[in-house]
Amino acid sequence: MGDEAVLFQDRVRERDLDNFLIEELHASEIFRSWIIGKLATAFDEPSNCEVRLQKSPPRIQDQRQTDVRIGWFRPDGDLAACVLIESKVTAGFQAGQAASYAAEVLAHRAELGSRSTAAILIAPASRLVSLPHDGAFDVEISIEEIIGTLDERLREPELSAELSARLTARIDLLEALCGRRQASIWTPVTIEAKRNFAEAYAALAAEILPDLSVRPSSDGPKALTRIFDGFDLKPEFPDVKLRHEFGSNDPVKYANVLFGGLADRASALNESGVFSGTPYKAEVAGKSLAVRVNTPGIDPTLPFERERHNVVIGLNAIRSLTDWLAGNRASIGEIALQQEEQSEPEVPERADNLVRYPTEAEFKEQLWATYRECEALGYKPTGMLEMMQRLGAIATAKQLLAKPPSEGFSRLAELGRLDLAIESIALEPRWSALFSEAELKIARRRLR
């Protein structure tokens with residue numbers, strides 16, 4: 001693809017979101033499973049069925065159309081189950097539109113079974129707040145959440161250059177749809193200055209870190225991270241990733257090693273003293289635990305020689321971090337894995353055995369309700385909302401507890417409504433099982 005190839009010169013529209021959903025749901029079983037996983041409390045995916053995607057299919061109970069429908073068909077051709085998707089970008093609901101989705105779902109359930117049909121509303125996070133539907137949709141998914149899951153795939157090891165470029169293009173499209181950037185000012189897919197910088201960076205990295213290799217990048221406008229291959233901490237930690245974050249005009253960024261699935265161990269590691277005397281710290285990074293060290297910010301659009309000094313500092317920091325982790329893997333593993341066993345959630349006990357362990361979807365509803373209560377008070381905790389769309393509800397609460405009290409905590413204290421703070425929510429009996437005892441102690445201490 002030449003330097004003249006430019007993404008999305010024309011304005012993006014709602015139909016672009018529908019087309020994206022059709023293509024991604026058809027081509028990626030990973031993405032389709034992620035979408036269906038959001039419906040775990042309302043929908044059972046049938047087995048031994050053919051999955052078909054439909055755009056704007058007619059409904060069975062009125063003259064309207066559904067934006068996108070996923071259908072599961074038996075070998076005899078009969079419909080076994082379906083998921084209806086309504087996408088919104090800028091417009092609100094038409095009169096009776098949400099109610100018509102509810103009616104369509106009920107009609108299918110009456111014919112196919114109570115857990116055979118579900119409805120999803122997809123829109124930018126800022127739009128979801130203003131799209132009340134009285135439960136017509138079983139789940140709401142923000143475009144920012146979809147961006148987050150695609151971005152997670154970009155971080156996978158051994159990702160082909162073609163798939164990386166395709167995912168990057170899809171993320172760019174979705175960012176335009178949710179207003180993160182103007183669709184009329186797209187930059188080239190590959191920036192020549194960045195490509196030259198990347199080649200010089202890889203050559204210097206090969207000298208300083210000869211046992212590691214820099215993964216190829218598209219060197220486009222979003223290329224502000226370098227991912228390294230060749231570092232592992234097996235058998236203690238089978239899923240680790242090494243990343244050097246350049247930043248975007250940031251004076252200080254970081255290098256980190258990500259430990260997959262260990263996000264809730266960050267507090268335990270920081271409190272253990274294992275990092276004493278080192279420049280390292282543990283933080284939550286999505287569903288991963290990140291062990292980080294600060295490094296100078298790097299501008300890959302500048303001539304490499306101007307940034308060489310900062311690059312050298314960053315690469316040497318990576319070498320020290322990986323050496324330290326390799327030498328301390330046993331002690332880190334003992335703390336992290338012991339904490340994992342201690343923090344295993346228990347199902348709340350009750351004589352009738354009807355109490356269920358709270359789900360991600362249920363806790364997300366709680367945070368949305370909290371957001372709306374705050375909004376009614378004149379305070380909009382948009383930071384929490386953005387984190388929730390990017391990380392998920394439970395991980396957001398854990399990250400807020402792991403960090404120092406936020407400005408939002410102070411604002412709620414001023415309003416006399418600390419009952420709306422994450423700390424208070426975590427201590428509620430119905431949610432407390434989601435958190436470790438260390439996290440609950442933090443919550444109690446702050447509220448005191």
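Colleague: In which hand does α1 pass α6?

Modeller: In this predicted model, the two helices to look at are α1, residues 14–27, and α6, residues 161–177. Where α1 passes α6, the crossing is left-handed.

Colleague: Thanks! Is α1 roughly parallel or antiparallel to α6?

Modeller: Helices α1 and α6 pack with their axes 10 Å apart, at an angle of about 150 degrees. The cut-off for roughly antiparallel is an angle over 145 degrees. That makes the relation of α1 to α6 roughly antiparallel.

Colleague: How many charged residues are there in the contact of α1 with α6?

Modeller: From α1, the contact uses Asp-16, Leu-17, Phe-20, Glu-23 and Glu-24. From α6 come Leu-167, Arg-170, Leu-173, Leu-174 and Leu-177. Six of the contact residues are nonpolar and none is polar, while the number charged is four.

Colleague: Let's turn to α11 and α12. At roughly what angle do their axes cross?

Modeller: The axes of α11 and α12 come within 10 Å. In this pair, α11 passes α12 in a left-handed crossing. The helices count as roughly antiparallel, because their axes cross at roughly 160 degrees.

Colleague: And how many residues of the contact of α11 with α12 are nonpolar?

Modeller: On the α11 side, the contact is made by Lys-364, Leu-367, Trp-368 and Tyr-371. Thr-382, Met-384, Leu-385, Met-388 and Gln-389 make it on the α12 side. Two of these residues are polar and one is charged, and the count of nonpolar residues is six.

Colleague: Which elements are included in what covers the buried residues of α12?

Modeller: Helix α12 spans residues 382–391, and its buried residues are Met-384, Leu-385, Met-387, Met-388, Gln-389 and Leu-391. Just after the helix, Gly-392 takes a positive phi of about 100 degrees. The cover over the buried residues includes α4, β5, α5, α11, α13 and α15.

Colleague: Now the interior. Which element gives the most to the largest nonpolar core?

Modeller: That core has 41 residues, and Tyr-201, Phe-228, Phe-259, Leu-315 and Leu-325 have the most contacts inside it. The elements giving two or more residues to it are α7, β8, β9, α8, β10, β11, α9 and α10. With eight residues, the one that gives the most is α9.

Colleague: How many residues does the second, separate core have?

Modeller: As a general point, nonpolar side chains in soluble globular proteins tend to be buried together. Here the second core is separate, and Ala-119, Tyr-371, Leu-385 and Trp-431 are among its members. Its size is 38 residues.

Colleague: Phe-259 caught my eye. Which residues is Phe-259 in contact with, leaving aside neighbours within four places in sequence?

Modeller: Phe-259 is one of the residues with the most contacts inside the largest nonpolar core. Leaving aside those sequence neighbours, Phe-259 is in contact with Leu-233, Phe-237, Asp-239, Val-240, Ser-288, Leu-289, Val-291 and Leu-325.

Colleague: Which two residues does the cis peptide bond join?

Modeller: Most peptide bonds are trans. For this cis bond, omega is about 5 degrees. Its proline lies in the loop between β7 and β8, and the joined residues are Lys-234 and Pro-235.

Colleague: Is Asn-48 buried or exposed?

Modeller: Asn-48 is placed in the loop between α2 and β1. Although not a glycine, Asn-48 has a positive phi of about 55 degrees. The relative accessible area of Asn-48 is 71%, and the cut-off for the outer class is over 50%, so Asn-48 is exposed.

Colleague: What is the relative accessible area of Asp-134?

Modeller: Asp-134 lies in the loop between α4 and β5. This residue also is not a glycine, yet its phi is positive, at about 55 degrees. Asp-134 is exposed, with a relative accessible area of 83%.

Colleague: One last residue: what distance separates the C-alpha atoms of Arg-444 and Leu-427?

Modeller: Arg-444 sits in helix α16, residues 437–447, and is partly exposed, with a relative accessible area of 33%. Not counting residues up to four places away in sequence, Arg-444 touches Leu-427 and Glu-437. Arg-444 and Leu-427 are 17 residues apart along the chain, and their C-alpha atoms are separated by 7.8 Å.

Conventions
Residues are numbered from 1 along each chain as its sequence is written. This is a predicted model: local features need pLDDT of at least 70, side-chain atom pairs count only at pLDDT 80 or more; totals for chains, interfaces and linings use all residues. Side-chain values use heavy atoms; hydrogens and water are left out. Axes are lines fitted to C-alpha atoms, for helices over the stretch in contact, and angles run from 0 to 180 degrees between N-to-C directions. Helices (H or I, at least four residues) and strands (E, at least two) are DSSP runs, numbered from the N terminus. Angles under 35 degrees count as roughly parallel, over 145 as roughly antiparallel, 65 to 115 as roughly perpendicular and the rest as oblique. A crossing is left-handed if the near helix is turned anticlockwise from the far one by less than a right angle, and right-handed if clockwise. Contact means heavy atoms within 4.5 Å. Ala, Val, Leu, Ile, Met, Phe, Trp, Tyr, Cys and Pro count as nonpolar, Asp, Glu, Lys and Arg as charged, and the others, Gly among them, as polar. A nonpolar core is a set of buried Ala, Val, Leu, Ile, Met, Phe, Trp, Tyr and Cys residues joined through side-chain atoms within 4.5 Å. Buried means under 20% relative accessible area, exposed over 50%, partly exposed in between (1.4 Å probe, protein chains only).
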